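Dear colleague,

Please find below the structure that I am handing over to you. My notes on what was found in it follow directly after.

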Amino acid sequence: MVDVFYAVFDPDNLFLKYAFIMGGLASICFGIIGTFVTTKRIGYLAGAISHCVFGGIGLAIFLQANMGLAWFDPMLGAVLAAIIAAVTMGLVSLHAQEREDSIIGTLWAVGMASGILLIDKTPGYFNLASYLFGDILLISSKDLLYVACLDTLVLCSTIIFFNRFFGVCFDSEFTLLRGINTSFFYLFLLILTALTIVLLVRIVGIVLVIALLTIPPAIASFYAKRLWQMMLYSVLLCLFFTWIGLGVSYSFSLSSGPTIIVLSGSVYLILLIFHKLIRS
Amino acid sequence: MQKKNGNGNDYKIKLNNIFFAYRNRNVLENVNLLIEKGEFASIVGPNGGGKTTLIKLILGLIKPDKGSIQVFGKSPKKARQHMGYMPQYAHLDMDFPASVMDVVLMGRLKKSNLWFSKKDRFEALNAIDELGMITYVNTGFNELSGGQKQRVLIARALCNSPDILLLDEPTANVDHQTEENLFSILKNLNSKMTILLVSHDLGFVSKYVKSVICVNRQVVIHPTTIMNGAIINDIYNGDLKMVRHDHRCSKEGHNHG
């Protein structure tokens, strides 16, 4: 593991340095948004959004190659798809009392499938695995700027609207009775979630997004007594898992996303068993 | 506190010919109801009979298919600021990380304020104290017992000094002693506000309850009538009244045949 430390500061390994900075910065929004996703119990919504992101990436690549729209890069496609998916699913879960699962499940699958079909119709080589499971080699200095901006947005919104988000997550009906526009804050939260997922896809990929969004808060919930504590612990755990995971994946030449997920998942399961044993 | 009342009556809540259907099933049919100031009423009726629906209509969380509802002579939505509401605690996420103070402060949420002020915290503390939970201010909500959770949720409903307190099954899943304590707290509150509560118990209500609103689309026959005062005394130590279903009802009186 020591070699990782030297490798990070090796100017030839700029990608590794970026990956570590990205992991560190991203942990802030992952921990905070992950806490909201976990306490509001919208993990399946987050999953559906992440798969729709793939549809957006597919569309961007298709338009770039076939329509000559060079400005339509995959990041833009991903952001657009994520926001459209978040708002659509948010409205569905607010208004459709029945069949909510079916509608969200359909969007989940169709988002993914349409991405694949669009890529089928695009000439050239496409590394599917890097989108599905993440690839730190994809991270550029531009991504670092994006994630810094998102951190600022998530942090400021959470500080300013903390009490409203708290109300929406804990007891939306009561919060509505206090005159707060709960639908607006719910959709706002979903949009922040969507943007966070887009960044998360860069690190751990589409398939593993839900795990990194929900495992740190799940562990944090063993120890946190209040919402802000859960956020803080989640951020720290997320940082720990991404950095250790990146280090291990570099040392043993493993894929970074799956390494991070297996690491955090095992820690969670071990702690879960430990806490069950203590209680009984 | 506003006391504008169009007809000069002192009715706090007025329901006029209310019809409400859920998924093509009529829950409430032609409901007429007047609640006076200072009332302490228990809403009873079978499951699915429309008790919670009635509360939610008064709060304006759902709209009736037909009929009109007025609270303080205004629409329920506009009157919300003057109503305190305690939902069934079983509907809340029991793993949510929140202290008792965090939960009660929700009652001080306001459109105009982003953060809680010193006054908000003061009022929340007062409400927690009034419900006898002051030693639990910093305790996790999920560490409390059922009865304690109910109290915290009542404190949350109270801390904005409402004129009407609406409670959905405040005595569900609590033992008799806890229920009695809760009712003596409510009795004290009743001197300041109108109280409406949903009870899961069909036959008996606390002695403090002034009237019973029986909600059911159809007439129900209550076997409790065969019990006499002595038996009730034996079972409940005389702290309960028997429901007289000829007293006040949700629809056209009702005959138990």
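I begin with one helix of chain B. On one side of H4(B), the residues B:Lys118, B:Lys119 and B:Phe122 are exposed. On the other side are buried residues, namely B:Asp120, B:Glu123, B:Ala124, B:Ala127 and B:Ile128. These buried residues cover an arc of only 140 degrees around the axis, which puts them on the same side of H4(B). Their packing partners are H3 and helix H5 (146–158) of chain B. The helix itself runs over residues 118–130, and at 1.5 Å a residue its 13 residues should span 18 Å; the end C-alpha atoms are indeed 18 Å apart. After H4(B) comes B:Gly132, which has a positive phi, near 70 degrees.

Please bear in mind that this is a predicted model. Its scores are ipTM 0.87 and pTM 0.86. For chain B the mean pLDDT is 79, with 77% of the residues reaching 70 or more. Within that chain, confidence is highest in helix H3 (residues 100–105), at a mean of 96, and lowest in helix H7 (residues 229–236), at 47. Two stretches of chain B call for caution. Over residues 218–228 of chain B, pLDDT stays under 50, and the model has 14 contacts beyond four places in sequence for them. Over residues 231–237 of chain B, pLDDT likewise stays under 50, with five such contacts in the model. Where pLDDT is low, the predicted coordinates should not be read in detail.

As to its overall make-up, chain B contains seven helices and ten strands. It has 257 residues, of which 42% count as buried. Of the contacts in chain B between residues at least 6 apart in sequence, 73% join residues at least 24 apart.

One residue of chain B may serve as a landmark among its strands. B:Asn16 is found in strand E1 (residues 11–22) of chain B. It counts as partly exposed, having 15 C-beta neighbours inside 10 Å. Neighbours within four places in sequence aside, B:Asn16 is in contact with B:Asn32, B:Gly67 and B:Ser68. B:Arg156 is 140 residues from B:Asn16 in sequence, and the two are 30 Å apart in space, C-alpha to C-alpha.

I turn next to how the two chains meet. In the model, 22 residues of chain B are in contact with 21 residues of chain A. The side of chain B that touches chain A is made up of 13 nonpolar, three polar and six charged residues.

The largest nonpolar core has 153 residues. Which residues have the most contacts inside this core? They are A:Ile49, A:Val53, A:Ala82, A:Val209, A:Leu212 and B:Val104. Leaving aside neighbours within four places in sequence, A:Ile49 is in contact with A:Ala82, A:Ala85, A:Ala86, A:Met89, A:Thr193, A:Ala194 and A:Ile197.

In chain A, helix H5 (residues 100–120) deserves a description of its own. Its 21 residues, at 1.5 Å each, should span 30 Å, and this agrees with the 30 Å between its end C-alpha atoms. Seen down the axis of H5(A), the buried residues fall within an arc of 135 degrees, so they line one face of the helix. They are A:Ile104, A:Leu107, A:Trp108, A:Gly111, A:Met112, A:Gly115 and A:Leu118. This buried set packs against helix H3 (43–66) and helix H4 (74–95) of chain A. The face of H5(A) turned away from the buried side carries exposed residues, A:Asp101, A:Ser102, A:Thr106, A:Leu117 and A:Asp120.

Two further residues of chain A complete these notes. A:Tyr44 lies in helix H3 of chain A. With 17 C-beta neighbours inside 10 Å, A:Tyr44 counts as partly exposed. A:Tyr44 and A:Asp143 are separated by 99 residues in sequence and by 26 Å in space, C-alpha to C-alpha. A:Asn13 belongs to the loop between helix H1 (2–8) and helix H2 (14–39) of chain A. A:Asn13 is also partly exposed, with 15 other C-beta atoms within 10 Å. Its contacts, leaving aside neighbours within four places in sequence, are A:Ala7 and A:Val8. Between A:Asn13 and A:Asp171 there are 48 Å in space, C-alpha to C-alpha, the two being 158 residues apart in sequence.

With kind regards

Methods. Residues numbered from 1 in each chain as written. Chains lettered and ligands numbered in written order. Predicted model: local features only at pLDDT ≥ 70, side-chain atom pairs only at ≥ 80, totals over all residues. Contact = placed C-beta atoms within 7 Å. Nonpolar A, V, L, I, M, F, W, Y, C, P; charged D, E, K, R; others polar. Helix = DSSP H or I, 4+ residues; strand = E, 2+ residues; numbered from the N terminus. Expected span 1.5 Å × (residues − 1). Buried ≥ 20, exposed ≤ 12 C-beta atoms within 10 Å, placed from the backbone. Arc of directions from axis to C-beta. pLDDT = per-residue confidence, 0-100. Core = buried A, V, L, I, M, F, W, Y, C linked by C-beta atoms within 7 Å.
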